[in-house]
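Colleague: I'm new to this one, so could you walk me through it?

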Amino acid sequence: MVKVVYEVVEHDGGWAYKFNNVFSETFRTHEAARAAAERAAAEQRVPGRTETIQFEDGQGNWREETASGSDRPVTEVVDKKTQ
């Protein structure tokens, strides 16, 4: 299972959360950034619809598969300020 970790950090004169070195917008307070990270983490866990998807693989072949809407990642918010 995939794990998504959002990290709350100081950024650009305020606070943000980041995932894979991509930053959210900047928030004025640490509390606001943490709350936004918690919301983003919760949204990642919400199941969606099972759908058939089509994609091109690395060899240029088109593939079709079923993507389960219940296959959601485990999420975590890491906040070194509160640790």
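**Around the helix**

Colleague: What covers the buried residues of α1?

Modeller: This is a predicted model: local features need pLDDT of at least 70, side-chain atom pairs pLDDT 80 or more, and totals for chains, interfaces and linings use all residues. Residues count from 1 along each chain as its sequence is written, and side-chain values use heavy atoms, without hydrogens and water. Helices (H or I, at least four residues) and strands (E, at least two) are DSSP runs numbered from the N terminus. The cover, by contact (heavy atoms within 4.5 Å), includes β1 (3-11), β2 (14-19) and β6 (74-79).

Colleague: Which residues of α1 are buried, and which are exposed on the other side?

Modeller: Buried means under 20% relative accessible area and exposed over 50%, with a 1.4 Å probe on protein chains only. His30, Ala33, Ala36, Ala37, Ala40 and Ala41 are the buried ones. They fall within an arc of 140 degrees (directions from the helix axis to the C-beta atoms), so they line one face of α1. Exposed on the other side are Glu31 and Glu43.

Colleague: Which element gives the most to the largest nonpolar core?

Modeller: That core, buried Ala, Val, Leu, Ile, Met, Phe, Trp, Tyr and Cys residues joined through side-chain atoms within 4.5 Å, has 12 residues, including Val4, Trp15, Phe27 and Val77. β1, β2 and α1 each supply at least two. With five residues, the top contributor is α1.

Colleague: Which residue stands opposite Glu56?

Modeller: Strands β4 (residues 51-56) and β5 (residues 62-67) pair in the antiparallel sense over six bridges, where pairing takes at least two DSSP bridges. Opposite Glu56, in β5, stands Trp62.
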